[in-house]
Amino acid sequence: SSFVPISQSGTDVPTLIDCIACTKEIKTNSDTPDDPPEGNFVGSSIYDPIRKYAEHEVDVTHLIDKTFYWVYCYSHDIEIPNVNVVTSAQMLATERKVRTLDTTPPDFGTFTCVPTPGTEDSVTVTLSMNEVGRAYCKVVNRGFAQPSPNAVIAEAFYADVVDTNTFTIDVNQITTGLGATGMEALFRKTDYDVYCWAQDGEGYPYYGPNGMADVVFCPNNYVTTLDLTRPNMRFIMAESISNSQIIITLQVDEGARVWCAAWDVDNDPLITASNYETKLKAMAGDCMDNKGRQCGTFWVYDLDDLEDNPLDGVNSQADYDSTDEWKYNQDVDIIVYNLIEKKDYPYIYCYAEDDEEDGIGDNPNKMMFDDSANAGPSNVHTIKTGIGTIQTLDESPPSFTQLSMLDPTAYNDRIIVTFSMNEAGTAYCRVTRSDSGETTLRINRILTANYEGIVGAPGDVQYITVDKLEQRDALPLYEQAQYDVYCWAMDAAVDTQGMSRPNYMIQDYIDNPVGSTGLEAVSAPNGGKTTSVWVKDLTPPVIIYVSSEALTEEVIQITLQLNEPGTVWCQPVLPNTDGTYVDVNDVTLSTYKSYIQGRSSQATFREFVHEAYRNVDVEVNRIEVDTGTSADPLIYETPYNIYCFAEDDWQIEAENSGSQSINFNYLNNNVGPPNEVSYATVDNFMTVVGLITTLDLTPPSITITGVSSDETTITVTLRLDETGTAWCQAVRHGFDVPTILEILDTNFYNTYTHDPLNPYTVTTVTLIGYDRPKNAYNDYVTPLVLGVDYDIYCYADDDLCQGCKITNGVSFSHVTNANTFIRTKDYTRPHMRYVAAESIAHDQIIITLQVDEGSRVWCGAWINDPGLTGANMETTLKNYAPTCQDNKGRQCGTFWIYDLD
């Protein structure tokens, strides 16, 4: 640089000699930068006769790179003996200014790498170079393969160097092959290795600048980008896992500690930006992870915890990989506890702070609280909103707040259970007969009955209607029967996802009585068991006709059954309209009960039926007068209709049962009256029974109203006081009274029909004889004798009444007392048979004669023919009576000649 030749208006001229004083000589043996120790730089050549010249190369070495030199050449041949040397002029003519090349790549002097202050996505590389050139830098993820120089160049993070002073290159992207450019920004808090490569500004022609043989690894590697960002929290899920615990599953995007706290709906913690951290950390005693470690005492680790402060508990990959440790961007389970069962918790807050900047949180980045803006994963309020309201689990079985039932029931085939619970849920009930001997019902049996009811909220009153032992049964519950009712329930508890998670009543609760009073049943049940509940009887008894008959003239017996215990009344009525006594027309829809039960004490015919389908005899013997003030005996052989009325003993049974439920007649007398048969039933029963005629057990009374006769017959005119048959027999007057059989044997009879409307109607019995001797001729009758006195004896019996076995005949005394005297007419003149006549004295003649019947006799004797004629004969003879006597001295006409009558 100090050599300025004449051609450049300088004064420096090279010389061909080597001398001490010479400074610009070409030929030298000195060892200086201008005069290398080798001396001359010589090259030799061989003449090429074809080319007609000799070509050779002379290498000038030991020059300083990147330096301009003035180059001069001289030559000499190899002539012998002396070589021929070029002249100075020829030497000067070869003058050339030549700059030496730079074939050495640059070196880095200063080389440091640090995170770019104030940023999270940049690394600042501080360099210096020993020559002008360009430096390139690139980052790769820590531990990745060393990039090639071209890879470093390709990212285009470079600086042009004009001196050897330090300079910086900020690298804020990394090649990922993703996106439109294949580049992505650096990540915060990420370990990177920094590599740089440089080239100078020179270079061999055609090859370009000199570049480093390979990239250079930053002495500070690895470099971790800064973390200036609040931890980001991601809410994953939250649910209650017990009646006092809520688990919150969340993630944080970096190493951090986490705190969560929950307040119930009645205790708003009034979290603000100024107190959120203090309040949440103050609740650490009720917060832990699912490994039992209190919140704030454990870390969520990220990868840099492997290299940073070992005090964070992770010193190796094995520590980091331990399943006991939480990892960033992975689920972390936080449990808040000591909560209230089945309580809404709308105030659930979670907070995190990272481990910056010393790895154990000496200056952490903290989540913020802002309830009006800045919503995002680093905002505690945002996480709280995402968590929402979580209700702690219901792990307590439900209980009844009402378990009552109308007793007796409103219907006769079902029990309606009225219930409510302390929470929403489903109740199931089953019944069993109180007389079944069962003292408990297991839960599975209650469920198989399949009777249920659902309440949607505490206090919601619902009903379960049980009409069979099991819903699939064919037979309903029996009326007028007592049942034990067992009820069991499960609540409608759900987990946080709304999936069913019911709690069940235990068997002991089911077997425990509801209580001891009706008030407990409707307001404070103690269990699920209610005993002795009456299924109301609303069905009237069925009157079953068995038989009916008149027992006597005044008593009618009706034999019947009821299909259940009860009471039955019967009442006789006349079948036709009657103005004196009760008749069928008097028994109507409005009067039937009182009329049948009897309005007077004289006509109350009642029987208690203690057992179903057992014969009961009701006897009636009086009929009421129309006014109902009195009753008269039934009349013999009179048809009557019978009405019967029945009621069951429901009221008696219910009110006097040995065991009654606590609901019995609670606040309302629901027993009601006995069930009574309807008018239609009563009327139908009357029709089925039909007419019943009282017996006639009294013989008829015979009234002989007249007797007449002729010579061969006697006609007896008589009447009876009832329909029947009369027999009469004549016996000679004064004879023994004939027996009834003798009267019947003569077989002189006639029937009599009694007409109550004309009771004086008579009939006649004609007698044509007085005896039927027992001989071969049964139809022979000893005829009556004319002019004979007879006593007439009559016998009668009534007709065979309905229900009677035999007729009633009058007694022998009645036959005796009812005799009547009659004499047969004698329209035939007496027959006289002369026997003898003689004088027995001078003045007497005795005439012996016979007469053929009872008669008086007169005789007269004349000396002279008295001239008797048919006209004067009787008078003439009777006039001679004073001169006529029997041999006993009695005057003729004063004594009788008797015959048998």
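Start by selecting G388: just after helix 5, this glycine takes a positive phi of about 70 degrees. Before going on, note that this is a predicted model, in which local features need pLDDT of at least 70 and side-chain atom pairs count only at pLDDT 80 or more, while totals for chains, interfaces and linings use all residues. Residues are numbered from 1 along each chain as its sequence is written, and side-chain values use heavy atoms, with hydrogens and water left out. Helices and strands here are DSSP runs (H or I, at least four residues, for helices; E, at least two, for strands), numbered from the N terminus.

**Stop 1: helix 5**

Now select residues 380-387, which make up helix 5, and colour V380, I383, K384 and I387: these are its buried residues. Buried means under 20% relative accessible area, exposed means over 50%, and partly exposed is in between, using a 1.4 Å probe and protein chains only. Turn your view to look down the axis: the buried residues fall within an arc of 100 degrees, so they line one face of helix 5. That arc is taken from the directions from the helix axis to the C-beta atoms.

What sits over that face? The cover includes strand 15 (233-242), strand 16 (245-252), helix 3 (276-282), strand 23 (347-354) and strand 24 (390-391). Contact here means heavy atoms within 4.5 Å. Next, pick N379, which caps the N-terminal end of helix 5, with a side-chain oxygen 2.9 Å from the backbone nitrogen of H381.

**Stop 2: an open sheet and the helix across it**

Jump to strands 35, 34, 39 and 40. In that order, these 4 strands form an open sheet with antiparallel pairing. Two strands count as paired if DSSP finds at least two bridges between them. At the edges you'll find strand 35 (606-609) and strand 40 (691-693), each pairing on one side only. The twist averages 35 degrees from one strand to the next. Such angles run from 0 to 180 degrees between N-to-C directions, and the axes are lines fitted to C-alpha atoms, for helices over the stretch in contact.

Zoom in on strand 34 (residues 566-573) and strand 39 (residues 639-648), which are antiparallel and share 8 bridges. Which residue of strand 39 is the bridge partner of Q571? Select Y643 and you have it.

Now add helix 11 (residues 679-689), which lies across strand 39 and strand 40 and runs at about 140 degrees to strand 39. Its buried residues are V682, F685, M686 and V689. They cover an arc of only 100 degrees around the axis, which puts them on the same side of helix 11. Those residues pack against strand 32 (543-550), strand 33 (556-562), helix 9 (592-597), strand 39 and strand 40. Swing round to the other side of helix 11 and T687 and V688 are exposed. After the helix comes G690, with a positive phi near 75 degrees.

**Stop 3: aromatic rings**

Rings of Phe, Tyr and Trp (its six-membered ring) pair if their centres lie within 6.5 Å; planes under 30 degrees apart count as stacked, over 60 as edge-to-face and the rest as tilted. The count by this rule is 22 aromatic pairs. Try F400 and Y509, a tilted pair with 6.2 Å centre to centre and 35 degrees between the planes. F400 is in strand 25 (residues 400-405) and Y509 in helix 7 (residues 507-511), so the pair ties together parts 109 residues apart in sequence. Are these two buried or exposed? F400 is buried at 3% relative accessibility, and Y509 is buried at 17%.

Then select W488 and Y504: their ring centres are 5.8 Å apart and the planes are at 20 degrees, so this pair is stacked. W488 is buried, with a relative accessible area of 4%, whereas Y504 is partly exposed at 46%. For a bigger selection, take W259, W263, Y276, Y349, Y351 and F369, which form one aromatic cluster.

**Stop 4: strand 7**

Finish with strand 7 (residues 133-141), where 7 of the 9 residues are buried, so the strand is largely enclosed by the rest of the structure. Strand 8 (residues 158-161) pairs with strand 7 in the antiparallel sense over 4 bridges, with G133 opposite V161. Strand 12 (residues 191-200) also runs antiparallel to strand 7, joined by 9 bridges, and there V139 has V194 as its bridge partner.

Methods: Polar contact = N/O pair within 3.5 Å; in protein donor to acceptor, adjacent residues only side chain to side chain.
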